Amino acid sequence: MGMGSHRAGGPEPGTRRPRRERIRWAVASAVLAALPAALVVALSGDSSDVDSLLSAEYVRTGSWPSGYSGQYVLRNAGSDTVEGWTLRFDLPAGMRIATIWNGRLEPEAGRYTVRNENWNRALRPGESIVVGFEVRRDGVGVPTATEPVRADGPTACTINDKPCGGSAGTGPDERATPAASAPAANPPAGLDRHTGTPTPTGTGRGGGATSAPSAPPTTASPADATPRAGTIEHLAPYLDMTLDPTRAGAPGVRDRTLAYIVDGGGCRPMWGGVTRLDDPATTARIAALREAGGAIRVAFGGAGGTDLAVSCGSPEELVAAYRQVLDATGTDAMDLDIEGRALVRPDVMQRRNAALRLLQEDARRADRRVDVGYSLPVHPLQGLGDEAKALLRDAAAQQVDVSYVNIKAMNYGAGVAPRPQGRMGRFAADAAHALQAQIREVWPHLTQEQAWRRVSVTVMIGRNDVPGEVFTLDDARRFADFARQNHLGRVAWWSAARDRPCADGTAAETGADPGCSGIAQEPEAFLRAFGG
């Protein structure tokens, strides 16, 4: 299973696949394991053995002209619970912390003291949290061409009055994570406005060609518009067009994402690789959705089947395939779910982005707009991996107008998200904050608010495919609060058909049923939780 993956609806030709959301990041452990060990320091000291096994790790998670984001990961590697913690560090002149999460900030003349919140005061054995922050430059000490950006990082770090180990923030002691991350900000009520995450044990994969982004298109995306206070602008449950019953009349749903279009052979787009675009039952369902109001978006790709960008041999061929789908469904909105070999091959990445650019240029000449969103695998702490970031950089370089970047916050696996019970909402919020910083790296002209408007998060409601990972109704309510506070552009879930109890009221302790959530709930309870 790959992290952040969705299996396309329906069986591959000649077979019958199980209908499940699948997310796996097979190589999630590789990058973090390769990061410099000097950043994780077992703190020695003068008091208890408990504090001596508390570690602090600093990572720069994003950079832009006016500042950067960073984080300290605190981890209890001992066998006893640490009761309370205090993190201290300095910043150079001209730098100041603008935002912090997962701790209470007490600035004092260039020295910053961060104390625990009530909810994260106790660190149990093996448990970790992230203290994240954004730093802004006040016009003093801005790096020059001969001065590395890293010289503006934190220094003189201590945790519980013990040194974090050398100069944590300058020179070789500061690292920029390959999969930049900035954890969750402004979590919901019940989370003391902050979220915690596990110690990173994996990272995104390397590889994939990268291109230096060119200037962004001069036309602003509708996603950059000022949001209404306290709202989630788009709720977009996925509808499996080979399985799900239509939720056309569900209150509060304005957007519906129809999944998945993959290759049916020879660069021929089909639902799940087996159902024709002109299938009468499918076209009738889409017509009913349209009649009910709201927007329709078509999802391409997913974990199952073959991505059209893999099978179509040229950008022009791919454009023709995309047009067939948009014409058949009567929409100009696309969700590109990229994973597996469709993500790791540079030629496929470049072909897809070239096709999307051509498609959007043709639409503009006809006074139309093709709305493009990318759905990508995610690490709950590190955010997007190297290949996903390379894809976005190439999209920016090719002038593709990207309305949102969607992360699949689900099915992480124990190596990446240990002890997930009750923490799935926090993981999703942390991943969203990481993504927001990465979006600003790819499109540095965006303001903080505009970057949040391009953040989209998809969760798998109820039981995930990974045993022990359950996204509960409490997770949904808390994450919805977080999304409203930060004005996320889009929140989605897999899937509409799963927003109901199973026939026996529950489900097996392992695995996920494609037609129910596997937890005790009322029908459409997740829709109400997200809709607030």
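Are Cys502 and Cys516 buried or exposed? Both Cys502 and Cys516 are buried in this predicted model, and the paragraphs below come back to this pair after a look at the protein as a whole, at one of its strands and at one of its helices.

The protein has 532 residues, and 59% of them count as buried. Its secondary structure comes to 12 helices and 23 strands. When contacts with a separation of 6 or more are considered, 75% of them are accounted for by residues 24 or more positions apart in the protein. The surface that the protein exposes comes to about 18,600 Å², with carbon and sulfur atoms supplying 52% of that area.

Strand β16, which runs over residues 295-301, offers a way into the structure, for this strand pairs with β14 and also with β17. With strand β14, made up of residues 255-263, β16 pairs in the parallel sense over 5 bridges, and in this pairing Thr257 stands opposite Arg297 of β16. With strand β17, made up of residues 333-337, the pairing of β16 is again in the parallel sense and extends over 4 bridges; here Phe300 has Leu336 of β17 as its bridge partner. Strand β16 is mostly covered, in that 6 of its 7 residues are buried. In a regular strand the side chains alternate between the two faces of the sheet.

Helix α8, residues 386-397, is the next element to follow. This helix has 12 residues and reaches 16 Å from its first C-alpha to its last, which is close to the 16 Å expected at 1.5 Å a residue. Like the strand just described, helix α8 is mostly covered, with 9 of its 12 residues buried. The buried residues of α8 include Glu387, Lys389 and Asp394, as well as Ala388, Leu391 and Leu392. An α-helix has 3.6 residues a turn, so residues three or four places apart point the same way. Among the elements that cover the buried residues of α8 are the helices α6 (341-344), α7 (346-365) and α9 (424-442), together with the strands β18 (371-376) and β19 (402-409). After α8 comes Gln399, a residue whose phi is positive, near 65°.

The last features to consider are the disulfides, of which there are 2. One of them joins Cys267 to Cys312, with a distance from S to S of 1.8 Å. This link of Cys267 and Cys312 is right-handed, with 90° about the S-S bond. The pair links distant parts of the chain, 45 residues apart, since Cys267 lies in the loop between β14 and β15 (269-271), while Cys312 lies in the loop between α4 (308-311) and α5 (315-329). Cys267 counts as buried because its relative accessible area is 10%, under the 20% that marks a buried residue. Cys312 is likewise buried, because its relative accessible area is 0%.

The other disulfide brings back the pair of the opening question, as Cys502 is joined to Cys516 with a distance from S to S of 1.9 Å. The link of Cys502 and Cys516 is right-handed, with 85° about the S-S bond. Cys502 and Cys516 are 14 residues apart, and each of them lies in the loop between β23 (490-494) and α12 (525-531).

Note on methods. Residues are numbered from 1 along each chain as its sequence is written. This is a predicted model: local features need pLDDT of at least 70, side-chain atom pairs count only at pLDDT 80 or more; totals for chains, interfaces and linings use all residues. Side-chain values use heavy atoms; hydrogens and water are left out. Helices (H or I, at least four residues) and strands (E, at least two) are DSSP runs, numbered from the N terminus. Buried means under 20% relative accessible area, exposed over 50%, partly exposed in between (1.4 Å probe, protein chains only). Contact means heavy atoms within 4.5 Å. Accessible areas come from the Shrake-Rupley method with a 1.4 Å probe; for residues, only the protein chains shown count as cover. Two strands pair if DSSP finds at least two bridges between them. The expected span of a helix is 1.5 Å times one less than its number of residues. A disulfide is a pair of cysteine sulfur atoms within 2.5 Å.
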